[in-house]
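Good morning, and thank you for coming. I should like to take you through one structure, beginning with a whole chain and ending with a single helix.

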Amino acid sequence: MKIMNCPMNGPRNVSEFVWGGEVREMPDPAASDHEWAEYVFIENNTKGVVREWWMHAPTSYWFIAERNTETDEIVRTYPATELYNSRREFK
Amino acid sequence: MSSHRLPQPHGILIDRSKSITLRFEGRDYPAFQGDTITSALLASGQRVISRSFKYHRPRGTLSMMAQEANSLVQFPGEPSVRADTAAVPAGIDVRAQNYLGSLGRDWLSVIEWLSPFLPVGFYYKAFYKPKGVWKYWERLIRALAGLGRIDEHAHHGYADKAYLFADVAVIGGGAAGMQAALDAAAAGAEVILIDDQPRLGGALNYARFDVEGRRGARLAEELRGRIGAAGNIQVLTDATCTGWFADNWLPVTQGQRLYKLRAKSVVIAAGALEQPTVFRNNDLPGIMYGSAAQRLIRLYGVKPGHRAVVATANDAGYAVALDLIEAGVTVAGVVDLRAEPSASPFASAVAARGIAVHQRHAVCEGIPGPGKRSLFGVEIDAITGRGVTAGRPHRIECDLLCTSVGYTPAGHLVCHSGGQLVYDSDLSMLVIDRLPGSTAIAAGAVNAAFELDAALAEGTYAGWRAAQLAGLGVGAEPPRPAARAGAAGQNHPWPIFPHPKGRDFIDFDEDLQVKDILNALADGYDDLDLVKRYSTVVMGPSQGRHSALNNMRLATVGAGRELQGATVTTQRPPFQPELLEVLGGRGFQPTRLTAMHHRHLELGAQMMPAGVWLRPAYYGAESRRAENIAAEVRAVRENVGLIDVSTLGKLEIRGPDAAEFLNRMYTFAYAKQPVGRSRYVLMTDGTGAIADDGVACRMNEQHFYVTATTSGVDAVYRAMMRWNAEWRLNVDIANVTAAFQAVNLAGPKSREVLAKLVSDIDLGSEAFPYMGVREGHAAGVPARLMRVGFVGELGYEIHVPASQGEHLWDALMREGAAHGIRAFGVEAQRVLRLEKGHIIIGQDTDGLTFPQEAEMGWAIAASKPFYVGKRAIDVQAARPLTRRLVGFALPAGTTLPEECHLTVRGEEIVGRVTSIAMSASLGKAVGLAYVAPDQAEPGTRFDIKLGNGTIIQGEVVPVPFYDPENKRQEM
Amino acid sequence: MNTPLTPQSLPRRSFLYRKLAALGARFAAGNEAAIAASFGGTDEAAAAHNLGLADLSPLRRVGFKGPGAADWLVAQGLTVPEVNRCAAQADGARLFRLGANDLMITTDLGATATLPDKLSAAWAALENPPQSPRGFPMPRQEGFCWFVLTGRHAAAAMAKVCGVDLRPHRFPVGAIAQTSVARLSAVAARDDINGTLAFQLFADSASAEYWWDCILDAMQEFGGRPVGTEALRAL
């Protein structure tokens, strides 16, 4: 079993974590139907290093992991605030 | 003592002061504590242990290490026990496997006479034509083949698991492993040393390292002493590391326990496995590895035979000959496959004892005794080429043939984690090509260090290096020993002597002969992996431990490819077979109970699972299920009922952005929801599909208390946390599901009952109207009260701190007694809510239902700039609907459909029934179903196809079915 | 003549009082609920030294969570450690920091520390909704059951239900692991009692009966047994 390093709880068995999908920017809700459908339904399935949402289940703590999908190596984990540090508004 | 037992110091693993009995095939055999089943049988001269898989040939042990399926036996509750290594069990009759009649006379051995008609790939060729015949053949074949029998009623014993942590894990407790453990420990590492034998020592315990035969035992004793004194070495004996997974995650089975070991670095010192010689009848009982004979002599004090021939291609064979002589076995000759005589002191010592050595000779045939149950002698012949002999054999009579022609590394764990073994033609040996990851190191025979001093030096280096890899400060790097010291001359390049009449077994598990492999190649399966799958070679219980090396030689050369650099087929975990019982372990299945759980049991509730919770389905005897549910429904409609709804999800959403957050998570509008009122919440996912529902109670401007479905709340909470990690609204989200227990007190008399227990809230219908929320006390307990209408009667949901839930329940049941209160369960609630036409998420919706299809368009605030799912719902809403959820009724006397029966239009499926119940209140059956959009008008009749194919007609009726103006719940 | 205290005498009840009673617990009053004070037998204190499991669920604890919670507790004079550490407070109470702004304060074994009640009162006495961030109360008293596992075999017993290395030389006093214990999300904190190894354990209160059985089962091979608060106070 792999070890994943939770930015809050430290290295833990990966069974303590839940995968939350690729990190992708939500388009403006005014975007075209096509663009929105891409966002909702299509995973990029990148070969190489991807940014993913992961959650440490015992603490419900969401963070970002950079993982190499080819080697399954976890390159880096860090708090979501590194990517999302200001309030998102919808007009 | 039986005639086959040797005196001490032979038999270091047996305790002669403790006599026990082995019962095998209905006969008793004397044994000692420490004996294995095989050693006990051989001590009494019983050599046949089982029958072979395909031809039912008598088989005895080859390796004394269960490296082949020859010695698998049957326990009453457990098939395929490895007799070579299994302790003599107390009080059970051990049976052999794979025979009809008796082990000695197996009627199924006639199959061997049919073998010319059973070529490799036979199943594929013979039984699949004409189409469909396989299912008839399969039963017969399964009855004839196969290993042990599974007892479906076998007792499930207690097994458990534990985690272990180490800086350095050392796998293998032979010379190299023990030395590595000592040196890693000396560097300050916490070490766990794992060995599958009862006593540390590996080959030191049984092999001969000097002519006098003293060094192994002396060294083992010394190393064991130092390990015991080290303090930071934990030793696991009789323990098998069965796999090597990512980040050094090592499963280790020991008896009924599975350890899950996490190490910072790993030393693999698993040793090497001796390999067989291939010739006609090489499977007869009495033919075994030299190391198997040594194990019998030294470990168990068992004399393996009376008159032996040793066939060897290395110096170890001469050591075996010396051991046999020491054990009183007559050595009738040594057959040395090599061209030149050995110069080793072992060979000189054998020669000095006057034993004939047949240089450049091979055994070309084993001569069976009666019934092929024993060895009568061997035919030997001069070698004239690779796998070819002169054709002028001569016979030596013997009852034991010991073979020593080479080894293969026990590198299975290396392969599990992505490492690789490749063939080195200079050594005629598989060697570790690369190790997995960057925190592993190999030492000893597994790493092709066959010379004892080199193995020790590798252990020292590996221990130092493993401590360094584990992040410990270590001293100066010890000298790195020369690689593969002593490996040259261990393996014969081609110990395969095919015989025109066959029975020259490559794979004992699967009864595969040389010609089977060659035929597979001839049939076009010329890749090693294809040969494996076509012929089943290396696919038996031993997973190639005794067959992979010879098979790769034969198949690679047969296919015209170079052996140098060739790889073997992938070895996968587990290294040894594992018991499902042990893998399952104790089993942890969390069960959540409400505070009122035991009160439900006292009332005779039939409990049902709801997610990980248990909830009362109904109260009373199962035999009166329908009556009990009907009585519960009637109590709610006529008087008052009480249901435990503690399992509902409960969330606190608090902070300046609380309303904005709900606006984004749910479809409705919450910004202007008044304090003291509740509002329906409907959650959709990004695709617009309905995900969950509940109510939001506004406790103050910045505080919403939100309920969610029992099984949905964890996902709802995760989704909320996930979205707010992105949105960064100023709000706190807390899952308080277990902190509050809740009941729904419902029925026309509910207000009267509640009034007796609540003094600080005005319960009047104007002061506390439908959808109102109040805080106060109930039965003296701090409580949140909300007026709800799920079951369609005047009703109150009462939420209290979990520790006081039982007290509240007791008070309500006590005060309600005079009003005919009755506890009701999930089944009655389903009927009650269906009469009101309320949907249950997950029952009346599926993973694709979007709100308009389920007539939930009223719960969508279209003017909001955003909510999760809004964009998708807008797209869907602009298109014509493809189905609609409607209420329907069935005339009295109709056979009721079941939930999930289809609604059809001719041959076309248009939807399904999602809910159905006989409503006593309405005097008819009502339900919910998906129908085509043009069938949704009240009065429309539509077809429902029952499970037996019958079509019945439902009629669309408006919902709610019961009290359509909702007067009763708003009293 | 006083009738003996039973768990059902009071509205507040431990989440597993029936199991405790079945194991022979004698109950004493504590925080408006009956707490298992002793399970009898002469060796209860020795058992707590060897391996004992006690239910502290009735004891007072309160949480504060959400923006501003940590700062507000600092302003109340509490010692607030870093995340996943616990710290003793002046009156013997303990503060467990479960997140940057997720904190739990428990009373002590003798229930003499009043800090949880004082903080609850102080929070409630301020304007609501808050005009400045100070977190929100979390009903930890109700959402968590609270066990304590004591004795020299405590880490070995935990290794049968928990994948985090809790051995004393790897998991120092004051450390917190939020992890899975017997497949339940849990908080395990090292908080020794007068030098005896002890883990404070918190998890879903609705799973208390299940959890208690799992931990007791893991303790069997070390001779572990349930102990009451009197034995803990004697440590």
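Let us begin with the surface of chain C: its accessible area comes to about 8400 Å², and carbon and sulfur atoms account for 54% of it. Please keep in mind that this is a predicted model.

What lies beneath that surface? Of the 235 residues in chain C, 63% count as buried. The chain is built from eight helices and 13 strands. Its C-alpha trace spans about 55 × 50 × 30 Å along the principal axes.

We may then ask how the radius of gyration of chain C stands against that of a compact globule. For 235 residues, such a globule would have a value near 18 Å; chain C has 17 Å, which agrees. As for contacts in chain C with a separation of 6 or more, 65% of them are made by residues 24 or more positions apart.

Next, charge. Chain C carries 22 positive side chains and 21 negative ones, and the centres of these two sets lie 1 Å apart.

I now turn to chain B and to helix H11, which covers residues 514-522. Which of its residues are buried? They are Val514(B), Asp516(B), Ile517(B), Ala520(B) and Leu521(B). The cover over these buried residues includes two strands of chain B, S28 (505-507) and S29 (512-513), together with two helices, H12 (528-535) and H13 (548-558). Just after H11(B) comes Gly524(B), which takes a positive phi of about 100°.

Thank you for your attention.

Technical notes. Residues are numbered from 1 along each chain as its sequence is written. Chains are lettered from A and ligands numbered from 1 in the order in which they are written. This is a predicted model: local features need pLDDT of at least 70, side-chain atom pairs count only at pLDDT 80 or more; totals for chains, interfaces and linings use all residues. Side-chain values use heavy atoms; hydrogens and water are left out. Helices (H or I, at least four residues) and strands (E, at least two) are DSSP runs, numbered from the N terminus. The radius of gyration is taken over C-alpha atoms; the globule rule is 2.2 Å times the number of residues to the power 0.38. Buried means under 20% relative accessible area, exposed over 50%, partly exposed in between (1.4 Å probe, protein chains only). Contact means heavy atoms within 4.5 Å. Accessible areas come from the Shrake-Rupley method with a 1.4 Å probe; for residues, only the protein chains shown count as cover. Lys and Arg count as positive and Asp and Glu as negative; His and the chain ends are not counted. The place of a charge is taken as NZ of Lys, CZ of Arg, CG of Asp or CD of Glu.
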